[in-house]
Amino acid sequence: MSALTRTRRLINQLGVDIHRHPNRDTEKTLSSLARAHGIDLLVDVGANTGQFAQGMRHVGYRGRIVSFEPMEQAYRELLKVSKGDLNWQARRFALGESPAALTINIARNSYSSSFLPIADTHLAAAPDSETLDRKSTRLN
């Protein structure tokens with residue numbers, strides 16, 4: 001009996017069952033959908049340091065990517081990771097329904113930063129999403 005089988009049986013005795021999630025790899029699924037539907041442009045809004053776009057490149061997406069990130073430090077990292085990829089452009093501004101001046105809540109972990117306040121339930125589940133600073137920025 002394998003270690004995995006023994007572990008599953010032990011966990012089952014506690015009333016818990018473990019299964020593989022059928023869509024564990026979001027980027028693979030999205031890349032397949034893009035290919036199937038002829039999508040050749042991804043608009044990455046709130047790109048942070050380019051994690052999503054890098055994931056899409058990793059699974060084979062070769063189309064154009066335009067990433068938007070308003071926070072200065074995250075944008076600098078985004079520029080570094082997108083450099084050399086002629087099909088990936090980075091832009092330093094936020095996108096919204098209409099132009100406006102807003103305050104962004106900057107989280108300790110950076111990628112949880114948002115124009116929306118961090119909810120208590122979010123903070124309880126991810127303490128590193130705590131707001132450390134607030135900066136005014138402009139929506140385009």
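Visitor: Let me start with the terms: a helix is a DSSP run of H or I with at least four residues, a strand is a run of E with at least two, and both are numbered from the N terminus. So how many helices and strands does the protein chain have?

Guide: This is a predicted model, and its protein chain has five helices and five strands.

Visitor: What pattern do they follow along the sequence?

Guide: Along the sequence, the protein chain reads α-α-β-α-β-α-β-β-α-β. The chain's radius of gyration is 19 Å, well over the 14 Å that the globule rule gives for 140 residues, so the chain is more spread out than a compact globule.

Visitor: What box do the C-alpha atoms fill?

Guide: Taken along the principal axes, the box is roughly 60 × 40 × 25 Å.

Visitor: And what percentage of the residues is buried?

Guide: Buried residues account for 26% of the 140. As for the surface, the protein chain exposes about 9700 Å², and carbon and sulfur atoms supply 54% of that area.

Visitor: Let's look at one piece. Which residues of helix 4 are buried?

Guide: Helix 4 covers residues 72-82, and its buried residues are Ala 74, Tyr 75, Leu 78 and Ser 82. Seen down the helix axis, the buried residues of helix 4 fall within an arc of 100°, so they line one face.

Visitor: Which exposed residues are on the face turned away from that buried side?

Guide: That face of helix 4 carries the exposed residues Gln 73 and Lys 80.

Visitor: What covers the buried residues of helix 4?

Guide: The cover includes strand 2 (64-68) and strand 3 (88-91). Just past the helix, Gly 84 follows with a positive phi, near 90°.

Visitor: How about helix 3, which residues are buried there?

Guide: In helix 3, the buried ones are Ala 53, Gly 55, Met 56 and Arg 57. They pack against helix 2 (26-37), strand 1, strand 2 and strand 3. A glycine follows this helix too: Gly 60, whose phi is positive, near 110°.

Visitor: You mentioned strand 2. Is Ile 65, found in that strand, buried or exposed?

Guide: Ile 65 is buried, because its relative accessibility is 1% and buried means under 20%.

Visitor: Which residues does Ile 65 touch?

Guide: Leaving out residues up to four places away in sequence, Ile 65 touches Leu 42, Ala 53, Arg 57, Asn 87, Trp 88 and Gln 89. Two of those names, Ala 53 and Arg 57, appeared among the buried residues of helix 3.

Visitor: New topic, phi again. What is phi of Asn 48 near?

Guide: Phi of Asn 48 is near 55°, a positive value in a residue other than glycine. Most residues other than glycine have a negative phi.

Visitor: Where is Asn 48 found?

Guide: Asn 48 lies in the loop between strand 1 (41-45) and helix 3 (51-58). With a relative accessible area of 6%, Asn 48 is buried.

Visitor: And Ser 110, what is its phi near, and where is it found?

Guide: Ser 110 also has a positive phi without being glycine, near 70°. Ser 110 belongs to the loop between strand 4 (100-107) and helix 5 (120-125). Its relative accessibility is 23%, so Ser 110 counts as partly exposed.

Visitor: Last one: how far apart are the mean positions of the positive and negative charges?

Guide: The mean positions of the 19 positive and 14 negative charges are 7 Å apart.

Methods
Residues are numbered from 1 along each chain as its sequence is written. This is a predicted model: local features need pLDDT of at least 70, side-chain atom pairs count only at pLDDT 80 or more; totals for chains, interfaces and linings use all residues. Side-chain values use heavy atoms; hydrogens and water are left out. Buried means under 20% relative accessible area, exposed over 50%, partly exposed in between (1.4 Å probe, protein chains only). The arc is that of the directions from the helix axis to the C-beta atoms. Contact means heavy atoms within 4.5 Å. The radius of gyration is taken over C-alpha atoms; the globule rule is 2.2 Å times the number of residues to the power 0.38. Accessible areas come from the Shrake-Rupley method with a 1.4 Å probe; for residues, only the protein chains shown count as cover. Lys and Arg count as positive and Asp and Glu as negative; His and the chain ends are not counted. The place of a charge is taken as NZ of Lys, CZ of Arg, CG of Asp or CD of Glu.
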